[in-house]
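The following exercises concern burial, packing and surface character in a protein model. Each task is followed by a solution in steps.

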Amino acid sequence: MCLFPSGNGMAQAAGKAPASNAPYDLTISQATRPFSRLGVDAHISIGGLGFDVATPLAGRFNLRTGADFFNVSEGFLEQGAQVQGTLHLLAGHASVDWFPFAGRFRLSPTVVFANNNRLNATVLVPGGSTITLNGTDYIASSTDPLHGSAAIAFRRVSPGFTLGFGNIVPRLKSHHFSVPVELGFFYAGQPNLAVAFTGTACDPTQPPAIGCESVNQDPDFQHNLAAFIARNNNNLSYASFFPIFSLGAGYAF
């Protein structure tokens with residue numbers, strides 16, 4: 001009876017490497033070195049159109065950065081005032097993608113930077129039209145109508161977190177295409193509303209000769225405008241968290 005394998009058997013056992021049947025095995029050394037490969041994607045998201053660029057950092061980690069942008073302008077009437085609003089979205093982001101199960105699923109702490117997301121509006125209140133601020137009515141002067149401007153802005157740098165599927169830099173060199181999906185949020189902070197008016201407003205309970213005054217010199221108008229701004233800033237607190245959702249197509253070089 002032979003209790004020990006022959007020398008050839010031992011050599012074969014020692015030389016045999018376990019086969020991997022995982023096509024996205026993130027332990028493949030040739031594609032896990034930092035900056036050993038580059039992947040790009042184009043996507044559509046809540047923040048508009050965007051792109052990402054990614055490279056491996058280690059076996060289960062990528063470094064990814066990109067930007068999203070969108071712009072739209074619309075005019076409408078509000079209580080007799082002519083409002084022209086513009087929504088401007090433009091922000092960059094950087095993420096570390098972690099693939100905990102060595103597959104397509106990832107978790108990504110994120111930093112949003114150069115955040116230029118904002119909403120701007122101009123307002124014209126024609127002469128004779130009425131606006132209401134803090135429950136008080138004002139009539140725009142026919143000789144010096146009211147002109148206003150408003151803006152909502154966010155903090156420039158914000159932390160965030162996303163989860164997703166798809167790796168735009170697959171670890172197998174023969175794999176090039178991917179369909180990344182991402183879902184999460186970033187904390188944009190309390191939005192800041194700024195409103196200013198110029199022109200002359202009239203008290204509807206007084207004759208025009210004595211009831212009209214420049215809004216810059218009218219303490220009651222300025223008080224009611226400040227109360228309007230404070231109330232709406234409080235209502236905007238829900239916008240402190242900005243959602244992230246994107247779907248794209250990627251290619252790795």
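Patches are made of residues with over 30% relative accessible area and no salt bridge (a side-chain nitrogen of Lys or Arg within 4 Å of a carboxyl oxygen of Asp or Glu), with nonpolar side chains (Val, Leu, Ile, Met, Phe, Trp, Tyr) joined within 5 Å and like charges within 9 Å. Accessible areas come from the Shrake-Rupley method with a 1.4 Å probe, and for residues only the protein chains shown count as cover.

The model is predicted: local features need pLDDT of at least 70, side-chain atom pairs count only at pLDDT 80 or more, and totals for chains, interfaces and linings use all residues. Residues are numbered from 1 along each chain as its sequence is written, and side-chain values use heavy atoms, leaving out hydrogens and water.

**Exercise 1.** Identify the residues that make the nonpolar surface patch of about 650 Å², and classify F69 as buried, partly exposed or exposed.

*Solution.*
Step 1. The patch consists of I44, L49, F51, F69, L90, V179 and L247.
Step 2. Buried means under 20% relative accessible area, exposed over 50%, and partly exposed in between (1.4 Å probe, protein chains only).
Step 3. F69 has a relative accessible area of 39%, and is therefore partly exposed.

**Exercise 2.** Describe the surroundings of S108.

*Solution.*
Step 1. S108 has 0% relative accessibility, so this residue counts as buried.
Step 2. Beyond four places in sequence, S108 has contacts (heavy atoms within 4.5 Å) with residues including R64, D97 and F161.
Step 3. The side chains of S108 and R106 share a polar contact of 2.9 Å; such a contact is a pair of N or O atoms within 3.5 Å, where within protein one must be able to donate a hydrogen and the other to accept it, and residues adjacent in sequence count only if both atoms are side-chain atoms.

**Exercise 3.** Which residues have the most contacts inside the largest nonpolar core?

*Solution.*
Step 1. A nonpolar core is a set of buried Ala, Val, Leu, Ile, Met, Phe, Trp, Tyr and Cys residues joined through side-chain atoms within 4.5 Å.
Step 2. In the largest core, of 20 residues, they are V125, L146, F197, F221 and L225.
Step 3. Apart from this core lies another, of 6 residues, among them A91 and F242.
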